[in-house]
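Please look over the sequence and the model shown here, and then read the briefing on one sheet and one pocket.

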Amino acid sequence: MIKSLGLPLLLLALACFVMVTSSCVDNENYTYNYSYELCKLDSAGTVTWVDLPATNPFTNLLQLIDGRLLFIRDSLVIYTPETKSLQHISKIDYPNNLDLSLDGNYCYFPRDGKIIRLHLNLLSQQAVLSPAPGSTDKFSRPTISRDGRYLSALRGYGSNSVASISWIDLLTAEQYDFPGAYQYSFRHAWIEIGGTGIYYISSGNDLKRMGMQGAGDVTIRSGISWSYPSYDNRYLVCLNGEYQPRLVYRDNPSLTWYDTDINAKTRLCRGANMIYYFKDTRLWKMDIDSGQTSQLVSGSVGGKDIYSIIDAAPAWDGSDAYLLVSFRKKVYSKDKYPL
């Protein structure tokens, strides 16, 4: 009886071996192709697919106040979805190292060690912060104050290391450079409305505030890797990077801090107290005033299953957002079932 079962068991084992081997061969004979698409998601959840430029080397985008898109990589490009107009503006020293004025008229970005001001309608450009003649300083990370008057920037000495901070009063053209005593202290900085003080993040991830000339240096909160005020200065929005990164924010009138479990890429609306945040294939929207959060995308958008959300560009009032999404397709290098 045992001998009579030997052949069938052997044949079954061989069949299983062939199935496993065939599966392995299949796995070795395909690659993944990735494609990118752009869509607009409005407040009602309606998705409109928008043509991307024929050549799309852009990985980040911002929505301008008039609905045009600013694509960012190693250069700045303005794209008008309705007309498919593409305008190449300038190279930029560091991707996403820029800021927009609250009135929507200007973009500030680093180029060749200088801080350039770009008029977003006229497309004219001028340097507003430049290294002194013969200096090896390089400016980066420009941040405009909410009232549009003060521009701050990090100043590095020759290499990529950040050394200090400079700021300029755009009304009077007065420029101030912090002395060497503050060397290597700054990672990010911005000036309060009215020029009453400077908020900055130190090299030790402490969020601090001091006077315009450096006096009265106090620590606001430790373990902060990024921070920015809301458009109306009601909230101080921060990313806590001490352990697992998450979003925290302070209600400025009451000085009350609120912690969240948001651990994702965040986009703060520039004309409303709203935050869009996304991770993998999911997108949420948070109303900071009410604390209410709603999920807008989960796995698919506009009836299409997506591989990931590359970037989100909310409107200034938070009413809609453009999404740059990627798709992944398995492509076999030869027929899976050859004759």
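Four strands (DSSP runs of E, at least two residues, numbered from the N terminus) form an open antiparallel sheet in the order 7-8-9-10, where two strands pair if DSSP finds at least two bridges between them. Strand 7 and strand 10 (125–129) are at the edges with a single partner strand each, so one side of each has no neighbour in the sheet. This is a predicted model, in which local features need pLDDT of at least 70 and side-chain atom pairs count only at pLDDT 80 or more, while totals for chains, interfaces and linings use all residues. Residues are numbered from 1 along each chain as its sequence is written, and side-chain values use heavy atoms, with hydrogens and water left out.

**Strand pairing**
- Strand 7 and strand 8 (residues 106–111) are antiparallel and share two bridges, and Asp 99 has Tyr 108 in strand 8 as its bridge partner.
- Tyr 108 also stands opposite Arg 117 in strand 9, and strand 8 and strand 9 pair in the antiparallel sense over six bridges.
- Strand 9 (residues 114–119) is joined to strand 10 by four bridges, with Leu 129 in strand 10 as the bridge partner of Ile 115.

**Hairpin turns**
- Five residues lie between strand 7 and strand 8 in their hairpin, where Gly 104 in the turn has a positive phi of about 80°.
- The hairpin of strand 8 and strand 9 has two residues between the strands, and Asp 112 takes a positive phi near 55° there.
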